[in-house]
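Work through these exercises with the sequence and the 3D view side by side. Try each task before you read its solution.

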Amino acid sequence: TFDDHVPTLEGLDLAMNASTSTSASHENDTRLDEEARVIHWLLDTGANESITNVPGILDRIKRRRIHLQGISEKPVIIDKTGTITGSVRDTNGIDQKISLDDVCYSEKSHMNLLATSSLVNEGAIIHLEQGNCYLQLSHGADASHGMGRAASVIPIEEENGLYIVRLEHLV
């Protein structure tokens, strides 16, 4: 959330405020070593821009001025974007690379928001069903391994009605 400027679905700010203490504890527990961190990305079907609050994971930074309109009256001003690259283990135990361009940076964001439209535009399939949530990557678009094999299936975790993808980033 962005205090009272939320670029997501209505009611998400309430859910995020309810889980803020949980996400803060995840941040401390997910430190892998001094170079790699697991970052929780909240899937956001209502956003057309992905947003991070972790500046160290952005690469190829561009200065841009974006007025990001959410459900609040005033837009959030974004002044830089970049590329994020992370890896995630698929259901076969193979690490898959995910890379997204034009991810917005906002230090005010309480969560990292992954715009599902960005993934779908790259050929991914997002399946949300109780007890069976996954992200299916088409090889050649986002996945760096497995050319010529079946598409990779990445588990999506459901937590208190929110859908989370855990990506490991080098920082």
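**Exercise 1. A pocket and its lining**

How many residues line the second largest pocket, and which of them lie nearest its centre?

Solution. Keep in mind that this is a predicted model.
- Step 1: count the lining. Twelve residues line the second largest pocket.
- Step 2: go to the centre. Leu100, Asp101, Asp102, Ser118 and Glu122 lie nearest to it.
- Step 3: look for the elements that contribute. Strand S5 (95-105) and helix H3 (116-121) each give the lining at least two residues.
- Step 4: find the main supplier. S5 provides the largest share, five residues.
- Step 5: add the volume. The second largest pocket holds about 200 Å³ of space.

**Exercise 2. The whole chain**

Determine how many helices and strands the chain has, and in what pattern they follow each other.

Solution.
- Step 1: count. The chain has three helices and eleven strands.
- Step 2: read along the sequence. The pattern is α-α-β-β-β-β-β-β-α-β-β-β-β-β.
- Step 3: check burial. Of the 171 residues in the chain, 41% are buried.

**Exercise 3. Strand S11 and its partners**

Find the strands that pair with S11, and describe the place of His169.

Solution.
- Step 1: locate the strand. S11 spans residues 162-170, and His169 lies in it.
- Step 2: take strand S1 (residues 36-44). S1 and S11 run antiparallel and are joined by seven bridges. Here Ile39 has Leu167 as its bridge partner.
- Step 3: take strand S10 (residues 157-159). S10 pairs with S11 over three bridges, again in the antiparallel sense. Glu158 stands opposite Tyr163.
- Step 4: inspect the turn. S10 and S11 form a hairpin with two residues between them. Asn160, in the turn, has a positive phi of about 55°.
- Step 5: judge His169. Buried means under 20% relative accessible area. His169 has 1% relative accessibility, so His169 counts as buried.
- Step 6: follow its side chain. The His169 side chain reaches the backbone oxygen of Thr85 at 3.0 Å.

**Exercise 4. Two faces of strand S9**

Which side chains of strand S9 (residues 152-155) are buried, and which are not?

Solution.
- Step 1: recall the rule. In a regular strand, side chains alternate between the two faces of the sheet.
- Step 2: apply the rule. Ser152 and Ile154 point to one face and are buried. Val153 and Pro155 point to the other face and are not buried.
- Step 3: find the neighbour. Strand S8 (residues 134-137) pairs with S9 in the antiparallel sense, over four bridges. Leu137 stands opposite Ser152.

**Exercise 5. Two loop residues**

Compare Gly123 and Gln130: is each one buried, partly exposed or exposed?

Solution.
- Step 1: place Gly123. Gly123 sits in the loop between H3 and strand S7 (125-127).
- Step 2: classify Gly123. Its relative accessibility is 37%, so Gly123 counts as partly exposed.
- Step 3: place Gln130. Gln130 is in the loop between S7 and S8.
- Step 4: classify Gln130. Exposed means over 50%. Gln130 has a relative accessible area of 82%, so Gln130 is exposed.
- Step 5: look across the chain. Gly123 and Gln136 are 13 residues apart in sequence, and their C-alpha atoms are 8.8 Å apart. Gln130 and Glu158 are 28 residues apart along the chain, with 8.3 Å between their C-alpha atoms.

Methods:
Residues are numbered from 1 along each chain as its sequence is written. This is a predicted model: local features need pLDDT of at least 70, side-chain atom pairs count only at pLDDT 80 or more; totals for chains, interfaces and linings use all residues. Side-chain values use heavy atoms; hydrogens and water are left out. Buried means under 20% relative accessible area, exposed over 50%, partly exposed in between (1.4 Å probe, protein chains only). A polar contact is a pair of N or O atoms within 3.5 Å; within protein, one must be able to donate a hydrogen and the other to accept it, and residues adjacent in sequence count only if both atoms are side-chain atoms. Two strands pair if DSSP finds at least two bridges between them. On a 1 Å grid over the protein atoms alone, a cavity is a set of points where a 1.4 Å probe fits but cannot get out, and a pocket is an open set with protein on both sides within 12 Å along at least five of seven lines; lining residues have an atom within 4 Å of a point. Grid points are joined across faces, edges and corners, and a volume is the space filled by probe spheres set on the points.
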